[in-house]
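Work through the exercises below with the sequence and the model side by side. Each task is followed by its solution.

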Amino acid sequence: MVMKKNIEDYLFVKESFLSDDFCDHSTDILNKAPFKKHDYDKYEEEQYALDAEEMEVESETLDINSLNNLNNMMIGREIEKIDTHIMRNIGDVLKEYLTSFEYNWVRGWGGYSPVKHIRYTPGQEMQAHWDNVNSIFPGEPKGIPMVSVIGFLNDDYEGGDMLL
């Protein structure tokens, strides 16, 4: 098989990967969870000498450290269940995606970074960027993922265009 050259050839959409009930429950829990302004790692700014202003992101990520306090521990346990369910099911979707290319050298998949929950409110947006995984690579360099999976737990909004 010949390697495809257009990025569109590598996009894969899996509708209804998670049930509506699961997504509704997940958004209910995540709406109660603490979030903080999303920022890039200091490593990225230093390594690529990018201006902090250029790196500013108008979105919020789940504040994992705040889940350790007594008030948020129950929410943290529920989010762990959500993440476990997602990770248990994502393997089949990745297998379907990779199998679609019919590359005989792809024999399996291993190694995932944790689920990252990002919240956008009206008017917020993710600035142009590339994915860089700092959490699964020890030492330097950190690395760039081979596959990025993007999922939406809700669909009751307008806008939210995904640009590649």
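Three exercises follow, on a helix, a buried residue and a surface patch.

This is a predicted model, in which local features need pLDDT of at least 70, side-chain atom pairs count only at pLDDT 80 or more, and totals for chains, interfaces and linings use all residues. Residues are numbered from 1 along each chain as its sequence is written, and side-chain values use heavy atoms, without hydrogens and water.

**Exercise 1.** Describe the span, bend and packing of helix H4 (residues 73-99).

Step 1. Helices (H or I, at least four residues) and strands (E, at least two) are DSSP runs, numbered from the N terminus.

Step 2. H4 has 27 residues and reaches 39 Å from first to last C-alpha, close to the 39 Å expected at 1.5 Å a residue; the expected span is 1.5 Å times one less than the number of residues.

Step 3. A kink of about 30 degrees is centred on Ile90, the bend being the angle between axes fitted to the seven residues ending there and the seven starting there.

Step 4. The buried residues of H4 include Ile86, Ile90 and Val93. They pack against H1 and strand S2 (60-62).

**Exercise 2.** Is Thr27 buried or exposed?

Step 1. Thr27 belongs to helix H1 (residues 20-32).

Step 2. Its relative accessible area is 17%, so Thr27 is buried (under 20%; exposed is over 50%, partly exposed in between; 1.4 Å probe, protein chains only).

Step 3. Beyond neighbours within four places in sequence, Thr27 contacts Leu153 and Asn154 (heavy atoms within 4.5 Å).

**Exercise 3.** Classify the accessibility of Tyr157.

Step 1. Tyr157 lies in the segment after strand S3 (118-119).

Step 2. With 38% relative accessibility, Tyr157 counts as partly exposed.
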